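Hi,

Here's the structure I promised to pass along. Have a look at it first, and then my notes below should be easy to follow.

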Amino acid sequence: MSGSLPAHDIPDPVPSAAIPVSPGSVSVHDHPGGHDWVSSLGFGAHVRHLLAVTGLDWRVLAIAAGVSPRTVGRLLGAGRPLRRIRTTDARRLLLLDRDDLALLEAQQVGAAATARRVRALLESGQPIGRVCTELDIGHHEVLRLAAGRAARCSAMVRIRALASCQNHRLWAHVDDEETDEAEEASR
């Protein structure tokens, strides 16, 4: 599920000296919209490095970091290049690492919204094998989710299902995260 960014366009990891150590290490600009901005220089390289070491899809990284997939896509060369990004997005990207992503594999969350997304993917004509690959789970688990028989799933499966719906333009199933949060609060 690589969307419009082919894997072969990802360069070798950049030396850590080329990646800003914090958003404060690059000049910050005030913006009338209420956001502080930093130069985007180095953030695309940081995202490419994370992609290379984790093997995850760029949309998954964006969602895991809490950054707009559009912003991450543009950092990676999809669309018009970004000269600057919001300080909050820069900080979120810099704080995301391989250990955090591994923790998402172990963290269990409510599966209701994920089940709806899996059903939407299958009903849209996506082959079950592709859904298994995109969610990185087995055939049996995809069927359990689609049937609503799984009460919980990993946070990473939730993120991958959301990224897959974005990738396949199933927009009605992208914005139901508040359902996930309500489920978690009730437990």
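How much area does the protein expose, and what share of it do carbon and sulfur atoms supply? The exposed area comes to about 9,700 Å², and 53% of it is from carbon and sulfur. Keep in mind that this is a predicted model.

On the overall picture: the protein has ten helices and five strands, and 44% of its 187 residues count as buried. Among contacts with a separation of 6 or more, 73% are between residues 24 or more positions apart.

Then the core. The largest nonpolar core has 47 residues, and the ones touching the most other members are L61, V72, I85, L93, L135 and L145. Helix α9 (residues 155-167) gives the most to this core, with eight residues. I looked at I85 a bit further: leaving out residues up to four places away in sequence, I85 touches D36, W37, V38, S40, F43, T71, L75, A90 and L93.

F43 also belongs to α1, where it is one of the buried residues, along with G44, A45, H46, V47, R48, L50 and L51. Those buried residues pack against β2 (36-39), α2 (58-65), α3 (69-75), β3 (84-86), α4 (87-95) and α5 (98-106).

I checked the geometry of α1 too. With twelve residues (43-54) at 1.5 Å a residue, α1 should span 16 Å, and its end C-alpha atoms are 16 Å apart, so the two agree. Just after α1, G55 takes a positive phi of about 75°.

Cheers

Technical notes. Residues are numbered from 1 along each chain as its sequence is written. This is a predicted model: local features need pLDDT of at least 70, side-chain atom pairs count only at pLDDT 80 or more; totals for chains, interfaces and linings use all residues. Side-chain values use heavy atoms; hydrogens and water are left out. Helices (H or I, at least four residues) and strands (E, at least two) are DSSP runs, numbered from the N terminus. The expected span of a helix is 1.5 Å times one less than its number of residues. Buried means under 20% relative accessible area, exposed over 50%, partly exposed in between (1.4 Å probe, protein chains only). Contact means heavy atoms within 4.5 Å. A nonpolar core is a set of buried Ala, Val, Leu, Ile, Met, Phe, Trp, Tyr and Cys residues joined through side-chain atoms within 4.5 Å. Accessible areas come from the Shrake-Rupley method with a 1.4 Å probe; for residues, only the protein chains shown count as cover.
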